[in-house]
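Please look through the model shown here. The report after it covers confidence, overall form, contacts, core and backbone.

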Amino acid sequence: MAKPVRWQFWYTLLAFLYMYLPIGVLAVFSFNASSSSSQWEGFSWQWYEKLWQSEALFGALRNSLTVAMTAVAVAAVLGTLIAVGLARHQFPGRNIYRGVTYLPVIIPDIAIAVATLVFFGAIALPLSLGTIVLAHIVFCLAYISVVVSSRLAGLDPRLEEAALDLGATPVAAFLQVLLPQLLPGILSGCLLAFVLSMDDFVIAYFTSGVGATTLPVAIFSRIRTGVTPELNALSVLLIGLSGTIALIAEFIRSRDRP
Amino acid sequence: MAPSQPSVANANASAPWLKWLEPLVLLGPGAVWLGVFLILPTSLIFIESLKIPGQEAWSFGNYQRVFENIGGTFIYLTVVWRSFLFAAATTTGCLVLGFPVAYWFALMAPKRWRNLLLLLFILPLWTSSLLRSYSWITILRPTGVMNGFLNLLGLPGVNLLNKAEGVIIGMVYAFLPYMVLILYTSLEKLDLRLLEAAEDLGATAVQTFWRVTVPQVRPGIIAGSALVGITSFGDFINPEVLGGPASRTISYLIELQFLGASRNWGFGSALSLVLILGVTGVIMLLLKYGDRSVIADG
């Protein structure tokens, strides 16, 4: 279709502008010498320096990383087992099981957050970083099992059968034949879950105890107190970081394609 | 869809109980986790929603309260209705903005760059949704970038922050990448021969679009709209960051009952269940009229 440039091209260009304008504005003002975000008053690194010295934000970042890594590690095991189990076994209630694993993807965060809060209250479990992890595992395992399921659907089941016929134990066949084939799916599922866990504000806001502040919760309390230029600097750094992760994920995915 | 299962049965033919061991090991832990941390909590908020402070007996009083009318206004129903309107406006906005973009990506972009361009477009999704919402404050506030630009053109400034407009701009911004991604998945499968046939038979571009393109991607449109509609209906962040007192949504009401001044867990639970039921209704419609493969891909 060698046609001249059409309006859709300019439209897409404008849409790109819409997507990147806010990020660009943040980036520009993160280097502003004054704390005002309405006027440019010269170049300065001071907000990055302030950010670097902010113990509170770094503590919150550490908490977020701890939560995300723990939740994803547990959810990777549970989610993969679910995906394999659902693909292999027919049993009554299989569709209900599958439906329940989709629920955390569908139900609004705030409803999950509230339900989890009520539950922790009912069993008198004090809120902490640990309770956030427990809640995050639920949606992480949902996303991981969905991604791994779609990978499983495209696999050749005969390879594992061959391993079994050749005398491998079911466990060995699982670990040495199936798992390596599933690995790209598990990895991209984990990346997705990791990013979602790092980004989650609502569930952490409801299920975190005193002193167990994750990065989004810390960011939120800063937004509430007004526009703080360190947040601009933080956004720029986070966008750079997650952009890199996204490109790596895309690289894994494209290598994975036939 | 379901790959073989006989292999395991063969291997374990000697020990029948082993037949049960495998599904138990695979599906048991997940079932326990989902049961304890998802099903049980959701059941608990149902029980909680039947409780009214100061009353012994359980009742549906909290649900009736959603319809409470004080001084001629349905104070809670207004908020629920507003959340619905915001969700509808956001969905329409994402569809109008997203469709031509997805169309360009799927059918007109250079093949070599297609994936990279699409990735670049949805890249902002990978960053903190709070910070993406916050970034609009800098643009929309009275002394912000937008008014600076308008003044430069000699136009009067406008204030969209702490208003419905601001919330909707933020929500469209937040969910546009999802819409584009789902529409793209659908448009990519478009049968181009039908478009050519329509053109050969003398249809105008507009006719071809409405009568050939749109019907083919209808499942994608439905799936994308459902996803954006559901997510924006329950969105907490954008109304909280960009909205004001007159643009509160259901998620704010819920928060108020649990963490805010109101502290009424029973009423908050009832509101959460209203939210869950609303979303479930949309999903039911989607499963009935939508294309499941698109949902699975998205």
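The sections below go from the whole model down to single residues.

## Model and confidence

This is a predicted model. Chain A has a mean pLDDT of 84. In that chain, 95% of the residues reach 70 or more.

Confidence in chain A varies by element. It is lowest in helix α11 (residues 229-256) of chain A, at a mean of 78. It is highest in α5(A), at 92. Where pLDDT is low, predicted coordinates should not be read in detail.

## Overall form of chain B

Chain B has 14 helices and two strands. Its C-alpha trace spans about 65 × 65 × 35 Å along the principal axes. The radius of gyration of chain B is 25 Å. For a compact globule of 298 residues, the value would be near 19 Å.

Of the 298 residues in chain B, 45% count as buried. Contacts far apart in sequence are well represented in chain B: among those between residues at least 6 apart, 72% join residues at least 24 apart.

## Two domains in chain B

The domain assignment splits chain B into domain 1 (6-49) and domain 2 (68-297). The C-alpha centres of these two domains of chain B lie 36 Å apart.

How many residues of domain 1 of chain B are in contact with domain 2 of chain B? Four residues of domain 1 of chain B meet six residues of domain 2 of chain B. On the domain 1 side, the classes are two nonpolar, one polar and one charged.

## Contact between the chains

Chain A brings 77 residues to the contact, and chain B brings 72. Which element gives the most to the chain A side? Helix α1 (residues 7-30) of chain A does, with 13 residues.

By class, the side of chain A that touches chain B has 56 nonpolar residues. It also has 14 polar and seven charged residues.

## The largest nonpolar core

The largest nonpolar core has 144 residues. Those with the most contacts inside this core come from both chains: A75(A), V114(A), C140(A) and I144(A), together with A102(B) and L183(B). The element that gives the most to the core is α8(B), with 16 residues. Domain 1 (6-49) and domain 2 (68-297) of chain B both give residues to this core, so it lies between them. In soluble globular proteins, nonpolar side chains tend to be buried together.

I144(A) shows some of the packing. Leaving aside residues up to four places away in sequence, I144(A) touches A75(A), A76(A), G79(A) and T80(A). G189(A), C190(A) and A193(A) are also touched by I144(A).

## Positive phi outside glycine

Two loop residues deserve a look. A124(A) is not a glycine, yet has a positive phi of about 55 degrees. A124(A) sits in the loop between α5 (109-122) and α6 (129-153) of chain A. Is A124(A) buried or exposed? A124(A) counts as exposed, because it has 6 C-beta neighbours inside 10 Å, and the cut-off for exposed is 12 or fewer.

N162(B) is not a glycine either, and its phi is positive at about 60 degrees. The loop that holds N162(B) runs between α7 (145-152) and α8 (164-187) of chain B. N162(B) counts as partly exposed, because 17 C-beta neighbours lie inside 10 Å.

Definitions and conventions:
Residues are numbered from 1 along each chain as its sequence is written. Chains are lettered from A and ligands numbered from 1 in the order in which they are written. This is a predicted model: local features need pLDDT of at least 70, side-chain atom pairs count only at pLDDT 80 or more; totals for chains, interfaces and linings use all residues. Domain bounds come from an automatic or database domain assignment. Two residues are in contact if their C-beta atoms, placed from the backbone, lie within 7 Å. Ala, Val, Leu, Ile, Met, Phe, Trp, Tyr, Cys and Pro count as nonpolar, Asp, Glu, Lys and Arg as charged, and the others, Gly among them, as polar. Helices (H or I, at least four residues) and strands (E, at least two) are DSSP runs, numbered from the N terminus. A residue is buried if 20 or more other C-beta atoms lie within 10 Å of its own, exposed if 12 or fewer, and partly exposed in between; C-beta atoms are placed from the backbone. pLDDT is the predictor's confidence in each residue, from 0 to 100. A nonpolar core is a set of buried Ala, Val, Leu, Ile, Met, Phe, Trp, Tyr and Cys residues joined through C-beta atoms within 7 Å. The radius of gyration is taken over C-alpha atoms; the globule rule is 2.2 Å times the number of residues to the power 0.38.
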